[in-house]
Structure formats: C-alpha cells, structure tokens
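This report describes the surroundings of a ligand and two further regions of a protein model. The sequence and structure are shown first.

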Amino acid sequence: MSNYDIKDINQAEGGRRRIEWAEREMPVLRSIRERFAKEKPLKGMRLSCCLHVTTETANLMRTLHEGGADIVLTASNPLSTQDDVAAALVNNYEIPVFAIKGEDKVTYFKHIRAALEHKPHMTQDDGADLVSSLFFIEMGRFEKLEPSLAEWAKTLKDEERKQMLKNVIGGTEETTTGVIRLKAMEKDGVLKFPVIAVNDALTKHMFDNRYGTGQSTIDGIVRATNVLLAGKTFVVAGYGWCGRGLASRARGMGAHVVVTEVDPMKALEAVMDGYQVMPMIDAAKVGDIFCTVTGDLNVIDGHDFEVMKDGALVANSGHFNVELNIPALEKMSVGKPNLVRPFVDQYTTKDGRKINVLGEGRLINLASAEGHPASVMDMSFANQALSAEYMAKNADKLEKKVYSVPTEIDNEIARLKLDAMGVKIDVLSDEQLHYLNSWEEGT
Ligand SMILES: NC(=O)c1ccc[n+]([C@@H]2O[C@H](COP(=O)([O-])OP(=O)(O)OC[C@H]3O[C@@H](n4cnc5c(N)ncnc54)[C@H](O)[C@@H]3O)[C@@H](O)[C@H]2O)c1
C-alpha cells in the first residue's frame, strides 16, 4: 500500500488555508504545540490515529508531529472526512492520511489496516474501531472483522498478530460511544493496554459534546435541508451532554422542542428546563425534525417511522448510524430512496408519505457540515495531546484499564483557555481556603 490514500492531492492549498483558519481559534493547542516543538515528548513514538479528518484534527496532528511522533491518520467515519484537509496534511505537513469522504466499508477498513500496519506504540480512537480491530486480530476472532480486513489478518503469522498488540503501550479515546465500548472490554478482561478516556475530561464533554454538538448539529441539518427551524417541532432523542446542547440551540432558533429519554433523572431535568417530554412513539406523530443523540440502538424504530408525518426530516448526531432503524424504513418503503439533495435520502412509504433521512443517518454535523467549531475542539484536542504525552511518560505505571484524564491536565486546559480568552478569575484567599476546609464555623 502506498503511504497515503486520499481523494485528490490537488485540493491541498484550500485545505491548508482552512487548517490555518481553524488554528486561529485553537490557542490552547497552539501553546502546547510550541512547547512540544522544543521538548519533543513523543520522540520515537509511532501513533495510529483514527479520528474525523477535519481542520481541527489536522491541528492536533501538527501538534503531535511537532512533539516528535511518527503518525498515520485514518478516518473514524466514512462520511466525515474533509478531502482538502487530507490533501494538505499529506502535501504540506508530510503526515500520511488514509481517508476519502464517502468511502465504502471495505475502503474504510482497508484504511484501518494501514493504521495497523504502521505498528503503533499508541492509538488515538474516536469510537474504538481501531482498538477493537486490533484486539479481534490478536484474539484470532476473524469473524468479528470486516471480511476484507479478516482476509488480511489471516495472512499474518500468529507471532506477527501478537507482536502488533505487544508494541502498543496505550491509547486515548475521544467519544462517549468509544468509552462505553472500552469499559465493556475492561469488564470482559479483553482490554490489553491502558486507555485514557479523553471524553470524560470536563474540558471535553461539557464543551465539545454540549456546545460543539449543539451548534454544529443544527448547522448540519440546516446546510443539508435549508429548513427554517422557527415554528417547527424539533424532537431531540437523548438528554445527555449532546442532547442538552442540541435542545437549547434548537429552542434558541425558535423551534418547539420535544425531548425523549429513558433515564428518569435526565427526563426530569428536561421537563424542569422547560421542554415537553414524551415517549418516541408519541413524539414521532408530532415531530417535523428528529435528531437522535443517545449512543443507543434503534432509538427511532420501524413503528416510529410508521406514524411520522409526511415530509419528516430525520437525522442522527450520535456516534453510529444504528440509532435510526434504516433497514426497517427500507422495508416499509417503495423502491430505493431518492437523493433529493446532497445528504437527503427521501424514502416513500407504501402509504405514500415521504420521509427524509439526512446524511445516511451518520453524524449529521460531520456529514453535511464541518463538525464542531475549532474553539471547542481546541479543548478536546488539548486533552488528546496532553494525554498522549502523559501516556508516553506513565504507561509503564498504568494497568490495563480505562483511565480518566488526570485532573491536573483538565484544570490546566481550563486555565489556558481562560488565559487565551483574556478572562481573569478570583483566587481563594487564605482565610477563604481555611473556611472552606473547616467544619468548626457555623451559624
Ligand atoms: N456529533 C458529534 O460530534 C458528537 C460529539 C460528542 C459525542 N457524540 C456521540 O453522541 C452520543 C451521545 O453522547 P453524550 O455525551 O450526549 O452521551 P450521554 O451519555 O451524556 O447521553 C446520552 C443520553 O441518551 C439517553 N438514551 C439512551 N438510550 C435512549 C433511548 N432509547 N431513547 C432516548 N434516550 C436514550 C441516555 O439516558 C442519556 O441521557 C454518543 O454516541 C457520542 O459518542 C457525538
């Protein structure tokens, strides 16, 4: 395999300009990059990164590269790659990229294979596809792999398969869904190296999942459809970090927001925040626009599609497209869906209703928009860069577990972000410190 596989190297100049534009909004990562350039904390480390190939990721790659890492980047979703960014990374920054927007499943896993052939010392995942492939290969569970990846894995000698895993000192994981998969691996005793759950850092999920997903999901839906949100009934499935952000942004645009949940505490919070809460089967009858953000399966199921209004718009911004039961929708439809606009597949049901699925049900903010704005990814990727440095220094002391980002790193990122925004805060006086740590003072 050549040392990159991208759509078109001639798109590099446009990609470079967009990467630099994003960098203006990423002061924390920039300050880390300047330090990494001097200290080279990742010198001699091979990193395989399976992340959305966007302008912000490009700035993370530049940071790791300056830190001395030898990197290969592949996509963590077949639809999220920005081809001009992939071209610029190869052409201008000499970082091998294996990612093409719209690649089929076989190509997606051919690219994961390139990341494995890099023989990484460290992994960076967004959804755990790279790590799970690595583990299935090592365990010889070829039936769990995409068939072409399985074919390749079967050609490896046992020793080669085991060595691929032995090389890895640790990894990092970007998103909620990946962390859930990794924690399940830890529970089943199959996690073979320590992983830092970047998603669990406060400076990640409180900002990226909430403000980033909130805004960029709306952006994706609007770019795909040009729909006016004011006056529409907008159904948000899941009131976690992403759902809270999405619901508040949809309300801000004038939509009437309905929330569906399975967790009573989150449902109650949504009610207290002023949203209407109901089961999906009822929401399905009244919604104009639907978006799932749960990390769960078949959240909008066949029976929900059965009762939707003619013209409903249905999207997902959770990690995998399994949140929408698209096979069920296919079964109840006549013929194939029509691509009525880029990223809008229109299904016609047997009773004549049109149901529009956006971005094939994949993360809509990355499929039809540009993902999160750079300033939130600044914090997420500052966590990635500092966690990689932490792993390089401390992997030998860690167990085969999923670890949170150390609090010092989280606090340092919050401090750097405030500095970059020119925001100053108060500092506890000695008297206040004493008061807050004592039980003796009362009424
Ligand atoms: N689009 C993006 O850029 C982006 C960014 C961050 C995270 N994500 C993904 O979004 C998903 C949600 O992430 P999060 O951080 O909000 O997670 P979270 O755990 O904070 O929230 C998920 C919520 O969904 C609810 N839920 C689960 N099953 C449900 C069902 N059947 N119906 C209704 N609600 C249900 C849960 O009770 C929970 O409150 C994950 O897949 C995550 O990987 C996407």
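In this predicted model, the shell around the ligand comprises eight nonpolar, 16 polar and four charged residues. Of these 28 residues, G238, G240, C242, G295 and D296 come nearest to the ligand. Domain 1 (9-203 + 374-421) and domain 2 (211-367) each contribute at least three residues to the shell. Helix 9, helix 10 and helix 11 each provide at least two residues of it; their bounds are listed below.

| Helix | Residues | Contribution to the ligand shell |
|---|---|---|
| Helix 9 | 176-187 | at least two residues |
| Helix 10 | 202-225 | at least two residues |
| Helix 11 | 241-252 | at least two residues |

A second feature is an open sheet of eight strands with mixed pairing, arranged in the order 9-8-7-10-11-14-13-12. Strand 9 (276-277) and strand 12 (338-341) stand at the edges with a single partner strand each, so one side of each has no neighbour in the sheet. Within this sheet, strand 13 (residues 344-348) and strand 14 (residues 354-358) run antiparallel and are joined by five bridges. Y347 stands opposite I355 of strand 14.

The third region concerns helix 4. Eight of the nine residues of helix 4 (residues 83-91) are buried, so this helix is largely enclosed by the rest of the structure. The buried residues are D83, D84, V85, A86, A87, A88, L89 and V90. They pack against helix 1 (12-23) and helix 3 (55-66), and also against strand 2 (70-74) and strand 3 (97-98).

Definitions and conventions: Residues are numbered from 1 along each chain as its sequence is written. This is a predicted model: local features need pLDDT of at least 70, side-chain atom pairs count only at pLDDT 80 or more; totals for chains, interfaces and linings use all residues. Two strands pair if DSSP finds at least two bridges between them. Helices (H or I, at least four residues) and strands (E, at least two) are DSSP runs, numbered from the N terminus. A residue is near a molecule or strand if its C-beta atom, placed from the backbone, lies within 6 Å of it. Ala, Val, Leu, Ile, Met, Phe, Trp, Tyr, Cys and Pro count as nonpolar, Asp, Glu, Lys and Arg as charged, and the others, Gly among them, as polar. Domain bounds come from an automatic or database domain assignment. A residue is buried if 20 or more other C-beta atoms lie within 10 Å of its own, exposed if 12 or fewer, and partly exposed in between; C-beta atoms are placed from the backbone. Two residues are in contact if their C-beta atoms, placed from the backbone, lie within 7 Å.
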